Amino acid sequence: MARLIIFEESDQETVFETFELFDSSILIGSDPENHLILKTPDIDSSHASLELRDNRWIIQDLGGPGGTSVNGEEIHAPRRLHHDDLIELGLIKMKFHDPKRRVVKQVRRATKPIADTVDEDEADISGRVWFATVAAATGAVIFIIIFLLVVAHFLELISITDLLPPWLSN
């Protein structure tokens, strides 16, 4: 079972708590209604969430004041977690452990410059965001066209029946 290990970094790693990810959706924050409650000033009432999607854990920042980062990189969109990822919520540090996903990383020669490579997991998430953006833009364009046609009809610039095909206008 996947878990979060909350710790403090000093000369040695001091483990404060191990939190088992027992549910498919975990809310993290200072509010007592959350699954994982962190009571520090830089943790918002609903700071971050973890969700199990397609047997993989996804973390998402919910707008906490201290931000959320994974492996030192601040996140602004859902991000897939890997075994041993370091998660920081404000000043709180925790490691993500998923024994089922533990793999030995192999060194491979890059065929493209490293800056051009994209993690397959992040590509799946950004593809969904791209599709949602295109769908929303298409809906907005259709709404604007219908709105303009209604306004033009109201101002008697055109008649909606003039736009119908000849076999339907009778």
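## Close-up views of a β-rich predicted model

**View 1. An open sheet of 5 strands follows the order E4-E3-E5-E6-E9, with mixed pairing.** The edges belong to strand E4 (36-37) and strand E9 (79-80), each of which has a single partner strand, so one side of each is left without a neighbour in the sheet. Inside this arrangement, E3 and E5 run antiparallel and are joined by 4 bridges. If you would like a residue pair to look for, serine 25 stands opposite glutamate 51 in E5. Please keep in mind that this is a predicted model. Strands of a sheet pair through backbone hydrogen bonds, either parallel or antiparallel.

**View 2. The whole protein has 1 helix and 11 strands.** Reading from the N terminus, the elements run β-β-β-β-β-β-β-β-β-β-β-α. The protein has 170 residues, and buried residues make up 28% of them. About 12100 Å² is exposed, with carbon and sulfur atoms supplying 58% of that area. For anyone thinking about contact maps, residues 24 or more positions apart account for 35% of the contacts with a separation of 6 or more.

**View 3. Serine 49 and leucine 50 give a look at strand E5 and its surroundings.** Strand E5 covers residues 48-53, and serine 49 lies in it. Is serine 49 buried or exposed? Serine 49 has a relative accessible area of 13%, which makes it buried because the cut-off is under 20%. Leaving aside its neighbours within four places in sequence, serine 49 is in contact with Ile26, Leu27, Ile58, Ile59, Gln60 and Leu62. With the same neighbours left aside, the contacts of leucine 50 include Leu4, Leu21, Ser24, Trp57 and Leu81. Ile26, Ile58 and Ile59 also appear among the contacts of leucine 50.

**View 4. The largest nonpolar core has 22 residues.** Those with the most contacts inside this core are Leu4, Leu21, Leu38, Leu50 and Met94. Two or more residues each come from strand E1 (3-9), strand E3 (25-29), E5, strand E6 (56-61), strand E10 (85-89) and strand E11 (92-97). E11 gives the most, with 3 residues.

**View 5. Strand E10 pairs with both E7 and E11.** How many of the residues of E10 are buried? The count is 5 of the 5, so E10 is largely enclosed by the rest of the structure. Asp85, Ile87 and Leu89 point one way from the strand, while Leu86 and Glu88 point the other way. In a regular strand the side chains alternate between the two faces of the sheet. Strand E7 (residues 68-70) meets E10 in the antiparallel sense over 3 bridges, and threonine 68 has leucine 89 as its bridge partner. The pairing of E10 with E11 is antiparallel over 5 bridges, with phenylalanine 96 as the bridge partner of aspartate 85. The hairpin of E10 and E11 has 2 residues between the strands, and glycine 90 takes a positive phi near 60 degrees there.

**View 6. Serine 30 sits in the loop between E3 and E4.** Serine 30 is buried, with a relative accessible area of 17%. Which residues does serine 30 contact, leaving aside its neighbours within four places in sequence? They are Ile37, Leu38, Lys39, Ile43, Asp44 and Ser45. A handy distance to check is the one to histidine 47: the two residues are 17 residues apart in sequence and 7.8 Å apart in space, C-alpha to C-alpha.

Methods: Residues are numbered from 1 along each chain as its sequence is written. This is a predicted model: local features need pLDDT of at least 70, side-chain atom pairs count only at pLDDT 80 or more; totals for chains, interfaces and linings use all residues. Side-chain values use heavy atoms; hydrogens and water are left out. Buried means under 20% relative accessible area, exposed over 50%, partly exposed in between (1.4 Å probe, protein chains only). Contact means heavy atoms within 4.5 Å. A nonpolar core is a set of buried Ala, Val, Leu, Ile, Met, Phe, Trp, Tyr and Cys residues joined through side-chain atoms within 4.5 Å. Accessible areas come from the Shrake-Rupley method with a 1.4 Å probe; for residues, only the protein chains shown count as cover. Two strands pair if DSSP finds at least two bridges between them.
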